[in-house]
Structure formats: C-alpha cells, structure tokens
Amino acid sequence: MNFVDEAKIEVIAGNGGNGCCAFRREKYNPKGGPSGGDGGKGGDIIIQATERASTLLDFRYKKHYKAKSGTHGQGNDRYGAGGDDLILKVPVGTTVIDDDTEEILGDLIKDGENLIVAQGGTGGWGNIHYVSSSNQAPRKCTAGEKGEAKNLRLELKLLAQAGLLGLPNAGKSTLLSSVSAAKPKIANYPFTTLIPNLGVVQIDGERNFVMADIPGLVEGAHQGKGLGHRFLKHLERTKVLVHLIEYPLDPEFGDPGEDFITLSRELEKYDPNLAKLPRIVVLSKIDLCSKPARIEELRKQFEDYEFYPISAVTQKGIKPLMEAVWRKITR
C-alpha cells in the first residue's frame, strides 16, 4: 500500500430544507389555520480518527465530499427530515487544516475522536411559526440555510514516542527490526527506507513504546535534496530522538562528528523546536569495529549526550539503549 501522509479535499455540508407555507383543508375545519412545517437540517461533515486506517491514500483519489441536504417541510405540520451526516475516516494522528486560512481546525490523536469540519444548514421555518393574534393566516416561510463549504488540508503525523534519525544507511531500519516486530526494507545502499515505519518496542511485560524510523536525511535536505524534509513532521510528536551515526570504516568517507552537526543543522532549519528535543547518540555497526579505542574517542566527542555503541546484528548494547530511551520518554 502506498504511504500517503498529505491530502487536500473539498467538503460541502448539506443545505437546510425550506420551510413550507400551507393551510389545513379539512372538511369539518374550514378555518384550520396554517400547517406548514419546518425544513430539515442539512447533514454535517465529520472527520473521525480510526486506528484501522494508516494512510490518507483514499483522499488522493476522491477529493470532493458532500453531505445530504435536509428535506423540505410539508403541510399538516410535517417537518422535513434531517440530512444524514457524512463521516470521513482518517488515521489517528491526522491534523485538519483550513487550506484557505491556514487555521488548524483540529488534531485527532485518539481512536474514535470526531471533528465537525462543516456544519449543515439550518432548516427554514414553516408558516406555523408566524401565526399571531393579528395574523391568523400568515403566508410567510423561510428558505433553508446553505451548508458550509471548506477546502481542507489533511496532514498525517505518526504517533510515536521515540524517533530514529540519521544519515542514509546509518542502520536505523536494522535497529527498528531488531527491537520490534516491524519489517522495514533493509539493504546495503542509501535511501532503502522510502516511507516512515513504526514498531512497538517491548521492554518487559508492562513497559513498551512506539518507535518511528524515517528516511535518512542528507545535507541540503531543506532545499529538497535526497527525500528532503518531507517526513520530518513524523518526528514532531516524539519525546526523544535517537540519533544514529555509523561506525566509520574509513575516515575518508566521512566523520561522525561532522555528520552529527550536518543533521542537527537540517533539523534546526526545519523546526527549531524539533532540534531542541532530547537526543541520544547511538554509534551503530560496532560489530565491524576492530579498534575499540576508536569507540572511546567517539564517546568523548559526544560527551554532551548520552552515548551508546551498539550492534543491531549481535544485539550488543541494545538493552541499555532501550532502557535509556524509556527513561527519556517517561521523564
């Protein structure tokens, strides 16, 4: 299934039904008076969060949604029926934005949470409402109101407590697959991960958390290089960033300290608040390390952060790392 995390749609609520102007015409009641009923209310457009959806793909193919209108009032005091509400189901974690005003209408982060994004029109009044002592036969009734129409932007931000961050091929997907049941694509080339992946990390019977792996960033991502900043929004709800740096097999191919600074700079350019999140630095692929002294040199280089050398393949250092992530989440 394609992972779609943004969509633009148009929603139109139902119109209210018109009120009716009518009079009783009964054989034995020649002066029966007004009997025009009210029109029914138009249906609302409601957006509902559900855990059964994981993408906004459906809204890429259908972009226009209209609720049912209320029916008109009728004689004999008969009121029009209300139009059915139209419920659009989106994944939990979806933010609903008015695309014309940029106003955030709601942030749906709980299963079953509802948001009315367009109100149906009120039904018009029938002439039964206008009778008075001075006007026993009113011929006045009102039309139903138009339903609201809006252009909306839907943005899905994954719900995860911890986020994996790193350059392409830093070992994020391998780590996620080793600590959870997630099965992200893993291969020995950059940009293997093309969409975000989620995994539930189970520390013990009572402690677990959700971890997100996003495609790797490169220098210049804010200018659209690589996959750009497109998926960084999926880290905005996290409480801690797990920043992976790859053990340098050859210094000619990069310096971990410089790689860390590069990614930090890209985070700052995307969102300063995201760059301020607590961060744990992880040195990955230490099973390839033949010089333990090099690891200690790197530890000193990142002395301002919690530093964990790990190997997702051999599981070395994994448990202490997950405990550290849990402490950051629950702090």
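## Strands β2 and β4

Strand β2, residues 45-50, pairs with β4 in the parallel sense over six bridges. One residue pair can be located by name: Ile45 has Leu86 in β4 as its bridge partner. The model described here is predicted.

Both strands belong to an open sheet of three strands, in the order β4-β2-β7 and with mixed pairing. Its edge strands are β4 (86-91) and β7 (114-118), each of which pairs on one side only. On average, neighbouring strands of this sheet are turned by 30° against each other, with direction ignored.

## Strand β1 and its partners

Strand β1 covers residues 6-12, and its side chains alternate between two faces. Ala7, Ile9 and Val11 point to one face and are buried. Glu6, Lys8, Glu10 and Ile12 point to the other face and are not buried.

β1 pairs with strand β8 (residues 149-156) in the antiparallel sense, over seven bridges. Within this pairing, Ala7, one of the buried residues of β1, stands opposite Leu154 in β8. β1 is also joined to strand β3 (residues 64-66) by three bridges, and β1 and β3 run parallel. Here Glu10, from the face that is not buried, has His64 in β3 as its bridge partner.

## Helix α6

Helix α6 spans residues 318-330 and has 13 residues. From its first C-alpha to its last it reaches 19 Å, close to the 18 Å expected at 1.5 Å a residue.

Which residues of α6 are buried? They are Ile318, Leu321, Met322, Ala324, Val325, Trp326, Lys328 and Ile329.

Notes: Residues are numbered from 1 along each chain as its sequence is written. This is a predicted model: local features need pLDDT of at least 70, side-chain atom pairs count only at pLDDT 80 or more; totals for chains, interfaces and linings use all residues. Side-chain values use heavy atoms; hydrogens and water are left out. Buried means under 20% relative accessible area, exposed over 50%, partly exposed in between (1.4 Å probe, protein chains only). Helices (H or I, at least four residues) and strands (E, at least two) are DSSP runs, numbered from the N terminus. Two strands pair if DSSP finds at least two bridges between them. The expected span of a helix is 1.5 Å times one less than its number of residues. Axes are lines fitted to C-alpha atoms, for helices over the stretch in contact, and angles run from 0 to 180 degrees between N-to-C directions.
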